[in-house]
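Here is a short report on one protein model. Keep the coordinates open while reading.

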Amino acid sequence: MATAATSLWDVTEAAPKIGTLIRTDKETLLSGDKASEIRAIMEARGVIVFPQINLTDDEQIAFTHTLGTFAHEDGEAAGGKDAVYPITMDESINPIASYLKGAFFWHIDGTMSDQPILASIMSARALAPTGGETDFCNTYAAFDSLPESEKDDLRKLQVVHAMWRSQLYWKPEPSFAELQSWVARGRNVLPLVWKHRSERESLVLGATALEVEGLNTAESELLLVRLRDWATQPQFCYRHTWSLGDMVIWDNTGTMHRALPYDHKSGRLMMRTKLEGEEAFA
Ligand SMILES: [Fe+2]
């Protein structure tokens, strides 16, 4: 009984419109007792930081299970064991590390599927000496803050997303064969404004956004860039500067994120798990 009163649970805001810091201990997190509170904070605030919580891989997997359905990586064999996924630029650890370079630009994970993952959970195992922060912006707050007169026009628009668009950000002159392999991943048409089951609305933007249907190329690009510029203003953003052992969870359905540049030989290593999506873009 003596330990019951000692659990730590200290919740503070990281920035006015996005981000919450929760100082707690492993036992509290792994018990699942706070799972519904964590999910509510995640939905309301976009990002939760657990400073220096130092979960092991197995503990991170167990924690992920307390929050929802554990999502396996694309291409992983069905029925495979739950595993953390290494985020690194070291190809000896992750052979497809170069595909992660799209992550240096604002994006939402899973725009190529109709039901994106609900959340990502990332822990810092090794850091770069400089750089490598993660930026987040709140796409609910960004939409809410637009003039009412503009919201109705945006609600009518559909946007074509394609994985190859995001790859061109880091490799503007791919070989023909490389471009073909990216283009083969297909395209997906999504609403520009996502009305969630909660009735809250968020902007669906990011590096995979190729063109707005019904607009010419220049009009489309101008709109997409203007809205990205709007959504990533400081008042909608939180920048996480990592300490070793930090774990961050973000609501992938109401935020965009990007990594800041760092030395790819630095050994920076993050371990990621994900929560399966529960709601389709609509
Ligand atoms: Fe991502």
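The text below covers the metal site, a small sheet, a cysteine pair, the salt bridges and one helix.

**Metal site**

The model is predicted. An iron ion is coordinated by three named residues: His-107 through NE2, Asp-109 through OD and His-257 through NE2. The distances run from 2.1 to 2.2 Å. Along the sequence, these donors follow the spacing H-x1-D-x147-H. The two histidines come from distant parts of the chain, 150 residues apart. His-107 sits in the loop between strand 5 (85-87) and strand 6 (119-126). His-257 belongs to strand 15 (residues 255-259). His-107 is buried at 11% relative accessibility. His-257 is buried too, at 7%.

**The sheet with strand 15**

Strand 15 is also part of an open sheet of 3 strands, in the order 13-7-15. The pairing is antiparallel. Strand 13 and strand 15 are the edge strands, and each pairs on one side only. From one strand to the next, the twist averages 15°.

What holds strand 7 to its two neighbours? Strand 7 pairs with strand 15 over 5 bridges, and 4 bridges join strand 7 to strand 13. On the strand 15 side, Asp-135 has Arg-258 as its bridge partner. On the strand 13 side, Cys-137 has Cys-237.

Strand 7 is mostly covered, with 5 of its 5 residues buried. Its side chains point two ways. Thr-134, Phe-136 and Asn-138 go one way, while Asp-135 and Cys-137 go the other. Buried residues are found in both groups.

**A cysteine pair without a bond**

How many disulfides does the structure hold? The count is 0. Cys-137 and Cys-237 deserve a check here, as they are bridge partners across strands 7 and 13. The sulfur of Cys-137 has its closest cysteine sulfur in Cys-237, at 5.1 Å, which is too far for a bond. A disulfide would need the two sulfur atoms within 2.5 Å, so this pair does not qualify. Cys-237 is accordingly in no disulfide. Cys-137 is buried, with a relative accessible area of 0%. Cys-237 also counts as buried, at 18%.

**Salt bridges**

How many salt bridges does the structure hold? There are 19. Three of the pairs are listed here.

| Pair | N to O distance | Relative accessibility |
|---|---|---|
| Asp-135 and Arg-239 | 2.7 Å | Asp-135 5%, Arg-239 42% |
| Arg-200 and Glu-43 | 3.3 Å | Arg-200 27%, Glu-43 31% |
| Glu-199 and Lys-195 | 3.7 Å | Glu-199 55%, Lys-195 43% |

Take Asp-135 and Arg-239, which meet in a salt bridge. Asp-135 lies in strand 7 (residues 134-138) and Arg-239 in strand 13 (residues 237-240), so the pair ties together parts 104 residues apart in sequence. Asp-135 is buried, whereas Arg-239 is partly exposed.

Arg-200 forms a salt bridge with Glu-43. Arg-200 lies in the loop between strand 10 (193-195) and strand 11 (201-203), and Glu-43 in helix 2 (residues 35-45), so this pair ties together parts 157 residues apart in sequence. Arg-200 is partly exposed. Glu-43 is partly exposed as well.

The side chains of Glu-199 and Lys-195 meet in a further salt bridge. Here Glu-199 is exposed, and Lys-195 is partly exposed.

Salt bridges also link residues into a network: Glu-73, Arg-272 and Lys-274.

**Helix 2**

Glu-43 leads back to helix 2. Which residues of helix 2 are buried? They are Ala-35, Ile-38, Ile-41, Met-42 and Arg-45. These residues share one side of helix 2, because they cover an arc of only 125° around the axis. Gly-46 follows the helix, and its phi is positive, near 85°.

**In brief**

Strand 7 pairs with strand 15 on one side and with strand 13 on the other. Strand 15 brings His-257, one of the residues that coordinate the iron ion. Strand 13 brings Arg-239, the salt-bridge partner of Asp-135. Cys-237, the bridge partner of Cys-137 in strand 13, stays in no disulfide.

Conventions: Residues numbered from 1 in each chain as written. Predicted model: local features only at pLDDT ≥ 70, side-chain atom pairs only at ≥ 80, totals over all residues. Heavy atoms only, no water. Salt bridge = Lys/Arg side-chain N within 4 Å of Asp/Glu carboxyl O. Buried < 20%, exposed > 50% of the residue type's maximum accessible area, 1.4 Å probe, protein only. Donors = N, O, S within 2.8 Å, 3.2 Å for Na, K, Ca; no water. Pairing = 2+ DSSP bridges. Axes fitted to C-alpha atoms, helices over the stretch in contact; angles between N-to-C directions. Arc of directions from axis to C-beta.
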